[in-house]
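Have your viewer open and your selection tool ready. We will walk from one stop to the next, and at each one you will hear what to select and what to look for.

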Amino acid sequence: MNTLALWTALSVCTCGAVNACSVKKLGSNSARFANATLVRLSEFLSAGYKKGVRPVKDWRDSTLVAIDLMVYSILNVDEKNQVLTTYVWYRQQWTDEFLVWNPEDFDDVKQISMPTANVWVPDIVINEFVDVGKSPDIPYVYLRSDGMVQNYKPIQVVTACSLNIYNFPFDVQKCSLTFQSWLHTINDINITLMRSPEEVKTDKTVFMNQGEWELLHILSKYKSFSVDNDDYYAEMKFHVVIRRRPLFYTVNLLLPSIFLMVMDIVGFYLPPDSGERVSFKITLLLGYSVFLIIVSDTLPATAIGTPLIGVYFVVCMALLVISLTETVLIVRLVHKQDLQSHVPQWVKHLVLDKATVLLCIRNRAMCSPLVRDSDLPRYKDNNMMVRCNHHCESSRNMERGLGIGLPVRDTAPPVMDNILHEVSSIRQFLEKREACRDIAKDWLQVGYVLDVLLFRVYLLAVLAYSITLGTLWSVWQYA
């Protein structure tokens, strides 16, 4: 009995000592946070708080969420996949009726940061999201004493956008970012702007304005819609309007093409009856083909349309081909030589008479001179024949007049016949060569006139095409 009483007394003493130690330990922890106002405020706000319930005392009241958007940078515009990647500063705030306190009870603390996981957050998403960007995780929100919750965070937004590349590189793109509650109707969550639409439109304070794209403005529009004509949802749509800076593409795409076209026009001043012009234009055509191969990766490619600059390159290539074809035809026209027939009269009338007056060509006499150098040998041959015939006739008459008994020959000596035959052959050859020269000169004159005509038509086509494109691009750039 005595032993049992002793063990009982020892057990009671041991338990009392342990309880005393536990109370002392808890007392020391409480003493450590005894003067921590933020800890007391956090415990006060967390006591009995239900983050899974919409923070209103009257369920009929909707939670008004004010949002704001500021574009920080345009990271990428993928024309092929129709995707826009931006980096924005997103802000949203709402009133939590369960997170309210009196600042006088907590050393005049009017705001405190709380973990986002411990408070109710509206399920507002961007409808155009197509991929999760690399956004930094901001784990805290700000609470104010009146229950206002401020959730500010940067977001890398990867959204789908209908990109129109027809005006490239002078294009202006308009992409939308639509914020709405994915589940709650307008009776539960409504959306509004933190700032006025004018302030949102003109605010470029945080935008990095050193890239390829320039931010013009941000348009905002509120709308409520219904899917099944029963429940209505609220959405806030931001239209981000950006414009491409065309300097890089102008220097690397347009100017080389313009230079090659100018050289093709200059090539028309080479003589049309020489082969150098054909070689020159073939070289230009090959150079332009290599240029198109190099710049093909720079042009945006989509399955629904082609930029106008791509059409411009194709038309320039076609103009180079037409120029080469015209040159080949003119060279072929002026190099027929002996195989040519006479120039038809209607061709002479239209080309040499009408076209020269229309084109103001004055030096026609150079192609059809009145006095030719080859007339001199023909004149000498004719005089020689006349002299020979006159000499023979004089000899015959003298022999008849003398009355000597020599026999009179009816024909000329064989040597003289050979000489006359050779002279006649030479004369025919010279006449034939001169006729060929006349024909060649006539065709050469026709070729020169047609070359001038086609050159001016080609020049007018190039100028009209260039002025049209320049006007369109200027309007798109400064509209």
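Start by selecting L143 and V149: L143 has V149 in β7 as its bridge partner. This is a predicted model, in which local features need pLDDT of at least 70 and side-chain atom pairs count only at pLDDT 80 or more, while totals for chains, interfaces and linings use all residues. Residues are numbered from 1 along each chain as its sequence is written, and side-chain values use heavy atoms, with hydrogens and water left out.

**Stop 1: around β7**

Now show residues 140-144, strand β6, which pairs with β7 in the antiparallel sense over two bridges. (Strands are DSSP runs of E with at least two residues, numbered from the N terminus; two strands pair if DSSP finds at least two bridges between them.) Three residues lie between the strands of this hairpin, and G147 there takes a positive phi near 95°.

Next, add residues 129-132. This is strand β5, joined to β7 by three bridges and antiparallel to β7. Click on V132 and you will find V157 of β7 opposite.

Then bring in β2, which runs antiparallel to β7 and is joined to β7 by 13 bridges. To see one partnership, select W89 together with P154 in β7.

How many of the 13 residues of β7 are buried? Ten are, so to speak of β7 as mostly covered is fair; buried here means under 20% relative accessible area, exposed over 50%, and partly exposed in between (1.4 Å probe, protein chains only).

**Stop 2: D68 and R91**

Select these two side chains, which meet in a salt bridge at 2.5 Å, N to O. D68 belongs to strand β1 (residues 63-78) and R91 to strand β2 (residues 83-95), so the pair ties together parts that are 23 residues apart in sequence. A salt bridge is a side-chain nitrogen of Lys or Arg within 4 Å of a carboxyl oxygen of Asp or Glu. D68 counts as buried at 1% relative accessibility, whereas R91 is partly exposed, with a relative accessible area of 22%.

**Stop 3: R244**

Move on to R244 and show E79 as well: their side chains form a salt bridge at 2.9 Å, N to O. R244 sits in strand β11 (residues 232-244) and E79 in the loop between β1 and β2, so this contact ties together parts 165 residues apart in sequence. Both residues, R244 and E79, are buried.

Keep R244 selected and add D171, its salt-bridge partner at 2.8 Å, N to O. D171 lies in the loop between β7 (148-160) and β8 (172-181), 73 residues from R244.

How values were computed
Helices (H or I, at least four residues) and strands (E, at least two) are DSSP runs, numbered from the N terminus.
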